[in-house]
Amino acid sequence: MDLLRPLLPLLKERTLKDFLVQTDDTGFLVLDRDDPRGRKRGHIWLYVGQGGNVFAEYTPDWSAQGPQAILMQREGYIRVDGYAGYDALFEGDSPRIAVGCWMHTRIGFEKVHQAGDSRGTTILLLIQKIYDVERKANEDEVNPEQRLKRRLEHSAVVYEEIFKLLDQWAPVVPEKTLLGNAIG
């Protein structure tokens, strides 16, 4: 491990300079002599750059301080889930731009669908169209410019349809319902 230690700051720097950085955490139990149970929940925060660079950071808890300390240095696009600990990164005139994750969005509408509400099914089918565009681009091994062209030609109209529906539903759906939560 000591041989790798000088490479870690470089990898972190390169990852944070990538065009897009994705982050998420995973909680797990760790031994802790100071805890009455002898264990506590720690978190590994994974940071993945679009260029293939990756690094991870451990935090002893799920506080926002961990990812904020890392990402406050960054300028540009960051893909995050709905964890409120990321919110401060994007406030005001932030040089960071939050990019939502369709997988996390999809989960909410999957719950709506499973509850028997056809509006969840409608959104899932539209999200599937977006996934199909991405899958085909991956299969065809297109370059970023070609991918953008496909997104503008095929996905943009789907996004418009999704947001048109959500804008219609949001004023009449209570926030504390499955659909309201998914829309939020």
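**Exercise 1. What volume does the largest pocket have? Describe its lining in this predicted model.**

*Solution.* Step 1: the volume of the largest pocket is about 960 Å³. Step 2: 27 residues line the largest pocket, and those closest to its centre are Leu-20, Arg-79, Glu-134, Arg-147 and Arg-151. Step 3: assign the lining to secondary structure. At least two residues each come from β1 (20-31), β2 (39-49), β4 (76-79), α3, α4 and α5. Among these contributors, α5 provides the largest share, 8 residues. Step 4: sort the lining by class, which gives 16 nonpolar, 7 polar and 4 charged residues.

**Exercise 2. Characterise the second largest pocket in the same manner.**

*Solution.* Step 1: a volume of about 480 Å³ is computed for the second largest pocket. Step 2: its lining comprises 20 residues, of which His-104, Thr-105, Asn-181, Ala-182 and Gly-184 are closest to the centre. Step 3: two or more lining residues are given by each of α3, α5 and α6. The most come from α3, with 7 residues. Step 4: by class, this lining consists of 11 nonpolar, 7 polar and 2 charged residues.

**Exercise 3. Identify the residues with the most contacts inside the largest nonpolar core, and state which helices supply it.**

*Solution.* Step 1: the largest nonpolar core contains 17 residues. Within this core, the most contacts belong to Phe-109, Ile-123, Ile-162, Leu-166, Trp-169, Leu-179 and Ile-183. Step 2: four helices, α3 (102-114), α4 (118-139), α5 (144-169) and α6 (178-183), supply at least two core residues each. Step 3: take Phe-109 as an example. Leaving aside residues up to four places away in sequence, Phe-109 touches Gly-120, Ile-123, Leu-124, Leu-166, Leu-179, Ala-182 and Ile-183. Step 4: look beyond this core. Another core, of 14 residues, lies apart from it and includes Leu-16, Ala-64, Leu-71 and Leu-89. As a general background, nonpolar side chains tend to be buried together in soluble globular proteins.

**Exercise 4. Which helix has the lowest confidence, and which has the highest?**

*Solution.* Step 1: begin with the whole protein, for which the average pLDDT is 92. A score of at least 70 is reached by 98% of the residues. Step 2: turn to the individual elements. Confidence is lowest in helix α1 (residues 7-17), with a mean of 90, and highest in α4, at 96. Step 3: apply the general caution that predicted coordinates should not be read in detail where pLDDT is low.

Technical notes
Residues numbered from 1 in each chain as written. Predicted model: local features only at pLDDT ≥ 70, side-chain atom pairs only at ≥ 80, totals over all residues. Heavy atoms only, no water. Core = buried A, V, L, I, M, F, W, Y, C linked by side-chain atoms within 4.5 Å. Buried < 20%, exposed > 50% of the residue type's maximum accessible area, 1.4 Å probe, protein only. Contact = heavy atoms within 4.5 Å. 1 Å grid on protein atoms, 1.4 Å probe; cavity = no way out; pocket = protein on both sides within 12 Å on 5 of 7 lines; lining within 4 Å. Points joined across faces, edges and corners; volume = space filled by probe spheres on them. Nonpolar A, V, L, I, M, F, W, Y, C, P; charged D, E, K, R; others polar. pLDDT = per-residue confidence, 0-100.
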